[in-house]
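Got the model open? Let's talk through what surrounds its ligands and what lies in its cavities.

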Amino acid sequence: MLKAKDLQGDYNLILDYALVVKRFSKKCIYAFVKTYGCQQNVSDGERMCGILERMGCIITDCEENADIIIINTCAIREHAQNKIFGHIGSLKRLKKQNPNLVIAVCGCMTEQKNEIQKIKESYPFVDLVFGTHSMNLFSKMLLDVFREKKRIFVSGSKDENIYEGFPVKRASKVKAFVPVMYGCDNFCSYCIVPYVRGRERSRKAEDILDETQKLLENGYKEIVFLGQNVNSYGKKLDEDIDFAQLLRRADNFGGEYRIRFMTSHPKDATKELIDTIAESKHICHNFHLPFQSGSDRILKAMNRKYTRDSYLDIIDYAKKRIKNLSLSSDIIVGFPGETYEEFQDTLSLVKQVRFTSLFTFIYSPRSGTPAALLPDPVPKKEKTRWLMQLLKVQDEISFEIHRNMLGKRFRVLVDHDLGDKSRFLGRTDGNLGIEIVEGGNFVGRFADAEVMDVIGRTLKGKIV
Ligand code: SAH
Ligand code: SF4
Ligand code: F3S
């Protein structure tokens, strides 16, 4: 594990850069970072903001006034990628107005050769492109852009070291993301992540627990352990530790706080992990366990390595062991070759488990993945019809779960103000949001809230 200070003088470059900033005619350099995609990417974005701030920049929410714009991309589905290219295209106008503007594109999209080529050819106003494996060189690359005034492309690096000790500027003062592992070795046949994030590697437990302890000492109340497959944590580490053991150790700090984690893979969801959640003081009774499809044939084609029955077994065990368990999942509709009958297997699983919430996606072919080569005869319009059916079933379940909460009290962590200092968002242990409309401002604190009303998908409540 390398520490940031050991990075061949990388921190010195940061200081150097401060001198560069001084030499600019402007007093303040503003940097804007836009992150797309999952929480892992959000966490990377927070690290880039931390580095930019250490370099002497001011982080701004205003893209129009920025001197440096960083677009941190996601490649998970085509729709996400098209939206990002739309955003990058819109920056041409800003570059025209301010030729000194530095535009960088990074993240998962920029670990794909064809996307890099596209940026090279069609977006000449982008100055810097770097992939997820080159994040540790971020400050150096920016400095090179300033010094050399030429376009820089850094991608395809095989560096899979974990770099510790970078500064992080977190978006929230209440809830903090803590990556526990990076990359993915599962190669689900539809998924681009293993190609753009590289092989699975875990942070040392000591580093994770130190970071957690410091965050709690600094007043953070909720720690979210992140990874593409958190429950395979520790597999390649020298120390003998797995995810359940890591959670047990993270459960031992003092005071009131919460630990969440995502994402877990059903093939690695052990009874020991569920026992750990059930017996803990601080780990939320909330389990996000994506099943993707309820059909064994489709699960096999997806290379998911579990069956419908083994998934339901672990869910049953979790429901029995964990009090007031709230479940959520990811589903892909319309995997190549999926039939309507096979989609019905997904629907019946949703009805059987009764998830609190679902993240549902229509299959999107990703170039370079095995599934992209499969015949995909069902038209998009038909897949959309299936998705609508699924959403309708889940809406009814969610509504019933919400209605059952009416008049009851829940311990909530009040996350943030909803805009006008009179409404606040509190989250239950099960990760349900309650809009707090009475009882005062408890942002950053735990409180007991009573649910007063259910309006559509929104729960309204008061602090009691
Ligand atoms: N590592 C996590 C999820 C990562 S991606 C896991 O294994 O569960 C988040 C979700 O995006 C996935 O769970 C899947 O439902 C969806 N997804 C991934 N690739 C996709 C694709 N090509 N088309 C549609 N949805 C996809
Ligand atoms: Fe993608 Fe599968 Fe890895 Fe999740 S576990 S990131 S879906 S390959
Ligand atoms: Fe997207 Fe990369 Fe996350 S592809 S979902 S940002 S790991």
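What follows is a short back-and-forth on contacts, shells and cavities.

This is a predicted model, in which local features need pLDDT of at least 70 and side-chain atom pairs count only at pLDDT 80 or more, while totals for chains, interfaces and linings use all residues. Residues are numbered from 1 along each chain as its sequence is written, chains are lettered from A and ligands numbered from 1 in the order in which they are written, and side-chain values use heavy atoms, with hydrogens and water left out.

Q: What makes Cys-184 and Arg-304 part of the shell around ligand 2?
A: A residue is near a molecule if one of its heavy atoms lies within 4 Å of it. Both residues are among those that surround ligand 2, and so are His-265 and Gln-228.

Q: Why is the pair between Asp-330 and ligand 1 called a polar contact?
A: A polar side-chain atom of Asp-330 is 2.7 Å from an oxygen atom of the ligand. The cut-off for a pair of N or O atoms is within 3.5 Å, so this one counts. Gln-228 also has a backbone N or O atom 2.7 Å from a nitrogen atom of ligand 1, and for Ser-364 a backbone N or O atom sits 2.8 Å from a ligand nitrogen.

Q: How do you know how much of ligand 1 the protein covers?
A: Accessible areas come from the Shrake-Rupley method with a 1.4 Å probe. On its own the ligand has 530 Å² of accessible area, and the protein covers 90% of that.

Q: What makes four residues of the shell around ligand 1 charged?
A: Asp, Glu, Lys and Arg count as charged; Ala, Val, Leu, Ile, Met, Phe, Trp, Tyr, Cys and Pro as nonpolar; and the others, Gly among them, as polar. On that scheme the shell has seven nonpolar and four polar residues besides the four charged ones.

Q: Why is the space of about 240 Å³ called a cavity?
A: On a 1 Å grid over the protein atoms alone, a cavity is a set of points where a 1.4 Å probe fits but cannot get out, and its lining residues have an atom within 4 Å of a point. The volume is the space filled by probe spheres set on the points, which are joined across faces, edges and corners. This is the largest cavity, and 16 residues line it, including Arg-47 and Tyr-182.

Note on methods. Polar contact = N/O pair within 3.5 Å; in protein donor to acceptor, adjacent residues only side chain to side chain. 1 Å grid on protein atoms, 1.4 Å probe; cavity = no way out; pocket = protein on both sides within 12 Å on 5 of 7 lines; lining within 4 Å.
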